[in-house]
Amino acid sequence: MFQSSISYQPKKGLHLKIEDTSGYHIDVMYDRISAIQDYIWTYRFTKTCDRKDILDLADVVEQSKQTSDRANHIFYKMHQSNFLAWYDSLPWLGSKDIPGVEHHLYICGEYIYEVISDYEPLFHASRTNED
C-alpha cells in the first residue's frame with residue numbers, strides 16, 4: 001500500500017511524496033525553472049482503475065508489492081506517450097520545439113501521477129522504520 005501526495009508552490013516547484021507501508025519514503029522534486037520558464041510543463045493525476053491504457057504497468061506494480069524491491073516498479077519514463085502527443089497538439093511550445101521533453105509516470109498504489117518536463121527531477125529516498 002502506498003500513500004502519496006503532490007503539491008505545487010510557485011517559488012519551490014512540484015513535489016511528489018510517496019511512502020509505502022514499510023516506511024520507505026521517496027520525494028520527487030521538480031525544483032528547476034525549465035525552458036518554458038516554469039518548473040514543469042504540465043501534470044495530471046488519475047486513479048489507476050480509470051487508466052485502462054496502462055493496466056499492464058499497474059499489474060507489475062501490484063506484483064512488486066510481494067517483493068522487497070517495491071520501489072523498483074513505480075517510476076517510468078514513457079516513450080511514444082499519448083499524454084505528450086496531446087500536449088504537443090496545444091497551441092504552445094511542444095516537444096519538437098524544445099529537445100529533451102519527457103513524460104514521467106509514477107504509479108503509487110491506486111493513484112497515478114504524470115509529469116511532462118524538460119529535465120529529470122531530483123529524487124530523495126529515506127526509510128523511517130529500519131529493519
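Good morning. The protein chain before you exposes about 8000 Å², and carbon and sulfur atoms supply 51% of that area. Accessible areas here come from the Shrake-Rupley method with a 1.4 Å probe, and for residues only the protein chains shown count as cover.

Before I continue, a word on the source. This is a predicted model, in which local features need pLDDT of at least 70 and side-chain atom pairs count only at pLDDT 80 or more, while totals for chains, interfaces and linings use all residues. Residues are numbered from 1 along each chain as its sequence is written, and side-chain values use heavy atoms, with hydrogens and water left out.

Let me begin with the overall architecture. The secondary structure of the protein chain comes to two helices and eight strands. Both kinds of element are DSSP runs numbered from the N terminus: helices are H or I with at least four residues, and strands are E with at least two. Read from the N terminus, the order of elements is β-β-β-β-α-β-α-β-β-β. Of the 131 residues in the protein chain, 40% are buried. Buried means under 20% relative accessible area, exposed means over 50%, and partly exposed lies in between, with a 1.4 Å probe and protein chains only. Among contacts between residues at least 6 apart in sequence, 61% join residues at least 24 apart; a contact means heavy atoms within 4.5 Å.

I turn now to the sheets. Strands of a sheet pair through backbone hydrogen bonds, either parallel or antiparallel. In this analysis two strands pair if DSSP finds at least two bridges between them.

One open sheet has four strands in the order β1-β2-β3-β8, with antiparallel pairing. Its edge strands are β1, residues 2-9, and β8, residues 122-127, each of which pairs on one side only. Neighbouring strands of this sheet are turned by 15° against each other on average, direction ignored. Such angles are taken between N-to-C directions and run from 0 to 180 degrees, with axes fitted as lines to C-alpha atoms, for helices over the stretch in contact. Within the sheet, β2 (residues 13-20) and β3 (residues 24-30) run antiparallel and are joined by six bridges. Isoleucine 18, for example, has isoleucine 26 in β3 as its bridge partner.

Another open sheet of four strands follows the order β4-β7-β6-β5, again with antiparallel pairing. Here β4 and β5 are the edge strands, each pairing on one side only. The twist from one strand to the next averages 20°. Six bridges connect β4 and β7 in the antiparallel sense, and threonine 42 stands opposite isoleucine 116 in β7.

Next, the charged pairs. How many salt bridges does a search of the whole structure find? The search finds three, where a salt bridge is a side-chain nitrogen of Lys or Arg within 4 Å of a carboxyl oxygen of Asp or Glu.

Arginine 44 forms a salt bridge with glutamate 114, with the closest N and O atoms 2.7 Å apart. This pair links distant parts of the chain: arginine 44 belongs to strand β4 (residues 42-47) and glutamate 114 to strand β7 (residues 111-117), 70 residues apart. Arginine 44 counts as partly exposed at 28% relative accessibility, whereas glutamate 114 is buried at 1%.

Lysine 77 forms a salt bridge with glutamate 102, the closest N and O atoms being 3.2 Å apart. Glutamate 102 is in strand β6 (residues 102-108) and lysine 77 in strand β5 (residues 75-78), 25 residues apart. Lysine 77 also meets the side chain of glutamate 120 in a salt bridge, at 2.4 Å from N to O. Glutamate 120 lies in the loop between β7 and β8 and lysine 77 in β5, so this pair ties together parts that are 43 residues apart in sequence. Both lysine 77, at 37%, and glutamate 120, at 49%, are partly exposed. Lys77, Glu102 and Glu120 are thus linked in a network of salt bridges.

Finally, the surface. Which residues form a nonpolar patch there? They are Trp86, Leu90, Trp92 and Leu93, with about 390 Å² of accessible area together. Patches are made of residues with over 30% relative accessible area and no salt bridge; like charges are joined within 9 Å, and nonpolar side chains (Val, Leu, Ile, Met, Phe, Trp, Tyr) within 5 Å. Leucine 93 is located in the loop between α2 (82-88) and β6.

Asparagine 82, in helix α2, is exposed at 62% relative accessible area. Asparagine 82 and aspartate 53 are 29 residues apart in sequence, and their C-alpha atoms are 9.8 Å apart in space. Thank you for your attention.
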